[in-house]
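Me: Please take a close, careful look at one small part of this structure, and then connect that part to other places in the chain. I am in my first year, so please spell out each step of the reasoning.

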Amino acid sequence: MADEKFKVTIDGIPVEVAPGTTILNAARQVGGDIVPPAMCYYSKLEGSGGKCRTCLVKVSKGSEKDPRPMPKLVASCRTTVMDGMEVQNITSPDVLEARKGVVEMLLINHPLDCPVCDQAGECKLQDLSYEHGVSQTRYEFKRRTFEPIDIGDNIKLHMNRCILCYRCVYVADQLTSKREHGIINRGDHAEISTFIENALDNDFIGNVIDVCPVGALTDRTFRFKSRVWFTKPVNAHRNCPTCSGKVTLWYKGEEVLRVTARKDEYNEVEAFICDTCRFETKKTADWVLEEPTSISKQSVIDANHYDVFNPPPVIKKNLQLQEANEEQLERTERLK
Ligand code: SF4
Ligand code: FES
């Protein structure tokens, strides 16, 4: 039946979804804190998911017909819902404990070089470690290391930072005409390779930068130019014959430091953009500006991007504090 719906409960919140929907996408239909994190799943890339295990959840009731719980935690990006299924994410201590372990595992080889990494401030592993990480690692062996390499004129690969999510491989496979990029070897030896280090010079290959959840693939035209939180993102578009031409321009002063695709709340691009838009049109005159990009209040990129100064109520009510900061108070009154 075309309009058949399955009833699912996620962390006690009921939602009705079409059969075939994954638990992760059912949770995204509810939104908010109950949505499991996803480091490898990417809704626009076919076959993605099932690699990182950050999206683990507990199925405490399998379905209306078979209410037995699933014996192990499952990857929510790869498990489809059943009618009457009950799922626990943030309400399950087992899930939170397992996620800590997954983060520890992802960080085994990932260097803590956030102070010099261009992805800092928009790195999903950084967010994940902040929310679920532990302060110490139990890993005592030698970490695997690689030299950073240039893959093409515009992309830098820092394999040390790669978490082998395969998103960039799917981009190369599904968006470009010539497949020159993949993962060679397996297990601890697995690494991203461009097959004899061929330059990646396809029209849409710059999208590997946007889909990479960490700083393993970065934009060489933007590297080390600025910390991302000192830039101001603005949505813009141009009439592009190759892609939608809808982008975000990242300004510092009057200079466009980089161009990226626009991203949604799950850090996925709204539409992939071509390399001409990304790397070759970096003047304001190339674009029709729309509005400042909306950035989540939790993001460090939002820092200093306030519209109105609103002092917390404690200052408004506390006479001593008011006197101590007359200037601030006056400014507040002026802005009311
Ligand atoms: S380079 Fe980035 S996108 Fe590619 S597999 Fe590694 S982490 Fe994923
Ligand atoms: S997002 Fe589900 S396994 Fe990576």
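Reply: Let us begin with β6 and strand β7 (residues 155–157), which pair in the antiparallel sense over two bridges. At one of these places D150 has K156 in β7 as its bridge partner. Please keep in mind throughout that this is a predicted model.

The pair belongs to an open sheet of three strands, in the order β6-β7-β10 and with antiparallel pairing. Because β6 (149–150) and β10 (217–219) stand at the edges and have a single partner strand each, one side of each is left without a neighbour in the sheet.

Next comes the loop between β7 and α4 (167–175), where Y166 lies. The backbone of Y166 deserves a pause, as its phi is positive, about 75°, although Y166 is not a glycine. Most residues other than glycine have a negative phi. Is Y166 buried or exposed? Y166 has 23 C-beta neighbours inside 10 Å and therefore counts as buried, since the cut-off for being buried is 20 or more.

The ligand can be added to the picture here. Ligand 1 is surrounded by 14 residues, and the closest of them are C162, C165, C168, C212 and A216. Sorted by character, the shell around ligand 1 holds 13 nonpolar residues, no polar ones and one charged one.

One of those closest residues, C168, leads on to the interior of the protein. The largest nonpolar core has 53 residues, and C168 and V208 are the ones with the most contacts inside it. Both domain 1 (6–103) and domain 2 (109–221) give residues to this core, so the core lies between them. If we leave aside neighbours within four places in sequence, V208 is in contact with I155, C168, V171, A172 and L217. Of these contacts, I155 falls within β7, which spans residues 155–157, and L217 falls within β10, which spans 217–219. There is also a second, separate core of 12 residues, which includes A236, V247, V256 and C274. As a general background, nonpolar side chains in soluble globular proteins tend to be buried together.

For a second view of buried and unburied positions, turn to strand β1 (residues 6–10), where the side chains alternate: F6, V8 and I10 point to one face and are buried, whereas K7 and T9 point to the other face and are not. β1 pairs in the antiparallel sense with strand β2 (residues 13–17) over five bridges, and one of the residues taking part is K7, whose bridge partner in β2 is E16. The hairpin of β1 and β2 has two residues between the strands, and in it D11 takes a positive phi near 50°. D11, then, is another residue other than glycine with a positive phi. D11 has 19 C-beta neighbours inside 10 Å and so counts as partly exposed.

β1 also pairs with β5, this time in the parallel sense and over three bridges, with V8 standing opposite M85 in β5. E86 lies in this strand β5 (residues 85–88), and because it has 19 C-beta neighbours inside 10 Å, E86 counts as partly exposed. Leaving aside neighbours within four places in sequence, E86 is in contact with T9, S60 and K61. E86 and K58 are 28 residues apart in sequence, while their C-alpha atoms are 8.6 Å apart in space.

K58, S60 and K61 bring us to strand β3 (residues 56–61), where L56 is also found. L56 counts as buried because it has 24 C-beta neighbours inside 10 Å. Not counting residues up to four places away in sequence, L56 touches L73, V74, A75, V95, A98, R99 and V102. From C-alpha to C-alpha, L56 and V74 are 5.2 Å apart, although 18 residues separate them in sequence.

Finally, we can step back to the whole protein chain, which has nine helices and 14 strands. Buried residues make up 32% of its 336 residues. Among contacts between residues at least 6 apart in sequence, 62% join residues at least 24 apart.

Methods. Residues numbered from 1 in each chain as written. Chains lettered and ligands numbered in written order. Predicted model: local features only at pLDDT ≥ 70, side-chain atom pairs only at ≥ 80, totals over all residues. Near = placed C-beta within 6 Å. Nonpolar A, V, L, I, M, F, W, Y, C, P; charged D, E, K, R; others polar. Pairing = 2+ DSSP bridges. Helix = DSSP H or I, 4+ residues; strand = E, 2+ residues; numbered from the N terminus. Contact = placed C-beta atoms within 7 Å. Core = buried A, V, L, I, M, F, W, Y, C linked by C-beta atoms within 7 Å. Domains from an automatic or database assignment.
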